[in-house]
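Subject: Structure handover

Hello,

Please find the structure below, as agreed. My notes on what was found in it follow directly after.

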Amino acid sequence: MKLICFGVRKIEKEFFINLNKFGYELTLVEELLNDNNIHLIKDHKAIMLRANCPANKVNLKIFKEYGIEYILTRTVGYDHIDLKAAKEMSFKVARVPTYSPNAIAELVVTLAMNLIRKGAYVVNRTKNKNFTVNEFMFSREIRNLTIGIIGTGKIGLTTAKLFKGLGSNVIAYDIFENKDAKDILKYVTMDELIKTSDIISLHCPYIKGVNDNLISDDLINNAKENIVIINTARGELQDIEAIIRGLENNKIGGYATDVFSNEKDFFFKDMSEKNIDKNIEKLLDFYPKVLITPHIGSYTDEALTNMIETSYNNLEEFLKTGVCENQL
């Protein structure tokens, strides 16, 4: 079985090779799938994608022409795949429903601590041999803060446990309360969470037409002064213009995000000498109150291992039974 995998970074290649227990004939492509390299799929039966590899109707037709039968995405989300068209063309499609929740949770705590303790700001100053201490460096202690978790699935619950371990008071909102979470946190209404949290962290799925722009003017205006907001979930959950307004009027004390709804336009690219979305430019200007990471939440050894192993297993299930537990 010839399997081509796109978006395989250099550091990831060893994982793909060492975890290949089924003996697939691998083609590992460092670039994300694009119009210039799509021809590389020729003579392969299966393809593995990342989130920014478009499996739209146009590309699916090319997949079909080149003989691809199986489409694997090593991601939880699958918005980059036109499932309706894929079904019409009889592709077998599968995803990775879960991977190490600690990967995301640890990033959240890292971003939160950097915003609260002004870590990035201070290190940048000392890097430039400025060892003075100013008022901006004065900070609160995380154990004295209330952390509001929106969404208490595996990632949200793991994040709650980490903050609880640091001594924080943890509250949460979820339509479906997790019984395993009640020893760690207290469930409250969304309104109470917004009004009483010092830090709000998003861990809910994006449901189109239901929670678009969850981080909105209303949420920001009803939150505590100096609120810190962190989004490592989905870009569609945030209204960037509302966040900019909140930063401009000092309602938001800190903001961090690992995701954007239009991230494919600039994430994983060197944009230092290029124009970028004007709202992203505005956000960058608010550094160090704003910290942006380029969708690296799952960029850990454990998460990568989980994604590759599950994807390989998905393909093997398809080959042996014609169906897959994680089929879309």
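Helix 4, residues 101–117, lies across four strands: strand 9, strand 10, strand 11 (252–257) and strand 12. Relative to strand 10, helix 4 runs at about 150°. Please keep in mind that this is a predicted model.

The strands under discussion belong to an open sheet of 7 strands, with parallel pairing. Read across the sheet, the order is 8-7-6-9-10-11-12. Which strands stand at the edges? They are strand 8 (186–187) and strand 12 (290–292). Each has a single partner strand, so one side of each is left without a neighbour in the sheet. Strand 12 is also one of the strands that helix 4 lies across.

As for the pairing itself, strands of a sheet pair through backbone hydrogen bonds, either parallel or antiparallel. Strand 9 (residues 199–202) and strand 10 (residues 227–231) run parallel and are joined by 4 bridges. Within this pair, serine 201 stands opposite isoleucine 230 of strand 10.

Next, the charged side chains. How many salt bridges are there? The count comes to 15. Here are some of them.

- Glutamate 141 and arginine 143: their side chains meet in a salt bridge at 2.8 Å, N to O. Glutamate 141 is partly exposed, with a relative accessible area of 41%, while arginine 143 counts as exposed at 52%.

- Lysine 182 and glutamate 177: the closest N and O atoms of this salt bridge are 3.4 Å apart. Lysine 182 is partly exposed at 49% relative accessible area, and glutamate 177 is partly exposed at 47%.

- Lysine 320 and glutamate 316: here the closest N and O atoms are 3.8 Å apart, which still counts as a salt bridge because the cut-off is 4 Å. Both residues lie in helix 11 (residues 301–321), 4 residues apart, or about one turn of the helix. Is each partner buried or exposed? Lysine 320 counts as exposed, with 64% relative accessibility. Glutamate 316 has 15% and counts as buried, because buried means under 20%.

Some salt bridges also share partners, and these join Arg9, Glu12, Arg50 and Arg74 into one network.

If you want a place to start in the viewer, try helix 4 and the strands it lies across, then the lysine 320 and glutamate 316 pair in helix 11.

Regards

Technical notes: Residues are numbered from 1 along each chain as its sequence is written. This is a predicted model: local features need pLDDT of at least 70, side-chain atom pairs count only at pLDDT 80 or more; totals for chains, interfaces and linings use all residues. Side-chain values use heavy atoms; hydrogens and water are left out. Two strands pair if DSSP finds at least two bridges between them. Helices (H or I, at least four residues) and strands (E, at least two) are DSSP runs, numbered from the N terminus. Contact means heavy atoms within 4.5 Å. Axes are lines fitted to C-alpha atoms, for helices over the stretch in contact, and angles run from 0 to 180 degrees between N-to-C directions. Buried means under 20% relative accessible area, exposed over 50%, partly exposed in between (1.4 Å probe, protein chains only).
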